[in-house]
Amino acid sequence: MSQAQKPAIPGLHHVTAISGPPQDNLDFWVGTLGQRLVKRTVNFDDPGTYHLYYGDKDAEPGSIMTFFPFVDAGPGRAGPGMASAVAYAIPDLDRRMNELAEAAIDFDGPFERFGERAIALRDPDGLRVELIEGGKKDEGFHSVTLWLEDVASTASILEAMGYEREAEETTATGGTDAEETRLRYRSTDPGRGSAVDLMTSQARSIGRQGAGSIHHVAFRARDEAEQLAWRERLSAIGQQVTPVIDRQYFDAIYFRTPGGVLFEIATDPPGFAVDEDPAHLGEALKLPEKYEAHRDRIEQILPDIRVPS
C-alpha cells in the first residue's frame, strides 16, 4: 500500500490557547481579525471562566480558535515543547495589510516562507498569529508551528497520522543572527489547515503556559469511528491516549507527543449548532448540563463581554 493510500488526518480541527481578560480577546479576534464568535461557554474544569470559540461564518472544523480567558492570567511564553504560532490562509494579503495599517495595527512583514507571502501580528497577550496568502477565499487555518528541541520524534508521530515531509527552510529570526529551521509536513489527504511546521531555533526561550500561549493543537476526525481507529493506531505505536471525552460540540482524545506538545483528535460532529440556531451562534451563554443548576451563580461570576460589530 502506498503512503497516499494510508489513512491520514485531513488537518486541524481547532487550536486552544490561554488569554487574559475576555473583552480584549474578543476585540482582537472579532474586531481586528474578523472571526465570528461561534460559542460562548465555560471551561469544563473551571466554570468560573469562559471558554470562547471563534471560527468562520459557518463554524466549520479547521477554522476554530478557542480560548480560556483568565482575567488575572500571568504572561505565557513560547518555547521548545510548545505550539508557538497559528496561521490563517487568506486570499489577498495586500488588502489585509492596508486594513491593518488603516487601523494602526502593527505587524511584521511581509516576508516569504516556503514560497508564500505572509505577515505576523500579535494578539493582546502576545500570541503570534500569521496570515499567509493563498487560495480564493478566507479558508480558515493554514498551519500551526510546533517549536521543538528535536523534530525526529514528533515527525514520526505526524507520519503515523498520515503526514509527509514537504519542504525544509532555514532563515534568520526577527532580524537577529539566530537561525530557525522549519520542516513542513502536510497531510496526504489534505483539508483545511493541512500543514504543520516543525521548527527548531537558536533563539533561547523557556516555554511557559500563561496568557498568550497555545495550550493544545486539535486534529480532525470526520466521525466517531475514525477517531476510535486513530486511538487504536496511536496506542499501538506506544502513545498514551486518553479515553474518549465528551466536549459537547465534539468528542476528544488527547495524547502528549514525545516533543512535549499536547495533541487532541476531535470529531467533526455534533458541531456547534447542536444547542443553538446556526444564525445565532455565540449569542447566549451555553453551559454543559452538569452546570445548568448553577447558571445564576456562574453568570454573576463571569465578567460582562460585548461582541464587536
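Buried here means under 20% relative accessible area, and Glu 180, at 13% relative accessibility, therefore counts as buried in this predicted model. The legends below refer to close-up views of the predicted model.

**Figure 1. The open sheet of eight strands.** The strands follow the order 6-7-8-5-9-12-11-10, and their pairing is mixed. Strand 6 (108-113) and strand 10 (163-172) stand at the edges; each has a single partner strand, so one side of each is left without a neighbour in the sheet. Direction ignored, neighbouring strands of this sheet are turned by 25 degrees against each other on average. Strands of a sheet pair through backbone hydrogen bonds, either parallel or antiparallel.

**Figure 2. Strand 5 and strand 8, with helix 2 lying across them.** Strand 5 (residues 82-90) pairs with strand 8 (residues 128-133) in the parallel sense, over six bridges. In this pairing, Leu 131 of strand 8 is the bridge partner of Tyr 88. Helix 2 (residues 93-102) lies across strand 5, strand 6, strand 7 (116-122) and strand 8. The helix runs at about 25 degrees to strand 7.

**Figure 3. A salt bridge within helix 2, between Glu 99 and Arg 96.** The N to O distance between the two side chains is 3.5 Å. Glu 99 and Arg 96 are three residues apart in helix 2, which means that about one helical turn separates them. The two partners fall into separate accessibility classes: Glu 99 is partly exposed at 36% relative accessibility, whereas Arg 96 is buried, with a relative accessible area of 10%. Side chains of opposite charge can pair when their charged atoms come close.

**Figure 4. The surroundings of Arg 182 in strand 11.** Arg 182 is buried, its relative accessible area being 5%. The side chain of Arg 182 meets that of Glu 180 in a salt bridge (3.1 Å, N to O), and Glu 180 is buried as well, at 13% relative accessibility. The pair Arg 182 and Glu 180 also appears as a polar contact of 3.1 Å between side chains. Another polar contact, of 2.9 Å, joins the side chains of Arg 182 and Thr 145. Leaving aside residues up to four places away in sequence, Arg 182 touches a set of residues including Arg 113, Phe 114, Glu 130, Ala 167, Glu 168 and Glu 169. Asp 197, Leu 198 and Met 199 are also among the residues that Arg 182 touches. Salt bridges that share partners join Glu 116, Glu 180, Arg 182, Arg 184 and Asp 197 into one network. The count of salt bridges in the model comes to 22.

**Figure 5. A salt bridge between two loops, formed by Asp 189 and Arg 222.** The closest N and O atoms of Asp 189 and Arg 222 are 2.9 Å apart. Asp 189 lies in the loop between strand 11 (179-187) and strand 12 (195-201), and Arg 222 in the loop between strand 13 (214-221) and helix 4 (224-236), so the pair ties together parts that are 33 residues apart in sequence. Both residues are partly exposed: Asp 189 has 35% relative accessibility, and Arg 222 has 34%.

**Figure 6. Leu 146 and the nonpolar cores.** The largest nonpolar core has 60 residues. Those with the most contacts inside this core are Trp 29, Met 65, Leu 146, Met 161, Leu 198 and Phe 219. Not counting residues up to four places away in sequence, Leu 146 touches Met 82, Ala 83, Thr 154, Val 196, Asp 197, Leu 198, Met 199, Val 217, Val 261 and Phe 263. A second, separate core of twelve residues includes Tyr 53, Ala 59, Ile 64 and Tyr 249.

**Figure 7. Strand 1 with its partners, strand 13 and strand 4.** Eight of the eight residues of strand 1 (residues 12-19) are buried, so the strand is largely enclosed by the rest of the structure. Strand 1 pairs with strand 13 in the antiparallel sense over five bridges, and in this pairing Thr 16 stands opposite His 216. With strand 4 (residues 64-69), strand 1 pairs in the parallel sense over six bridges. Here His 14 stands opposite Ile 64 of strand 4; Ile 64 is also one of the residues of the second core.

Definitions and conventions
Residues are numbered from 1 along each chain as its sequence is written. This is a predicted model: local features need pLDDT of at least 70, side-chain atom pairs count only at pLDDT 80 or more; totals for chains, interfaces and linings use all residues. Side-chain values use heavy atoms; hydrogens and water are left out. Two strands pair if DSSP finds at least two bridges between them. Helices (H or I, at least four residues) and strands (E, at least two) are DSSP runs, numbered from the N terminus. Axes are lines fitted to C-alpha atoms, for helices over the stretch in contact, and angles run from 0 to 180 degrees between N-to-C directions. Contact means heavy atoms within 4.5 Å. A salt bridge is a side-chain nitrogen of Lys or Arg within 4 Å of a carboxyl oxygen of Asp or Glu. Buried means under 20% relative accessible area, exposed over 50%, partly exposed in between (1.4 Å probe, protein chains only). A nonpolar core is a set of buried Ala, Val, Leu, Ile, Met, Phe, Trp, Tyr and Cys residues joined through side-chain atoms within 4.5 Å. A polar contact is a pair of N or O atoms within 3.5 Å; within protein, one must be able to donate a hydrogen and the other to accept it, and residues adjacent in sequence count only if both atoms are side-chain atoms.
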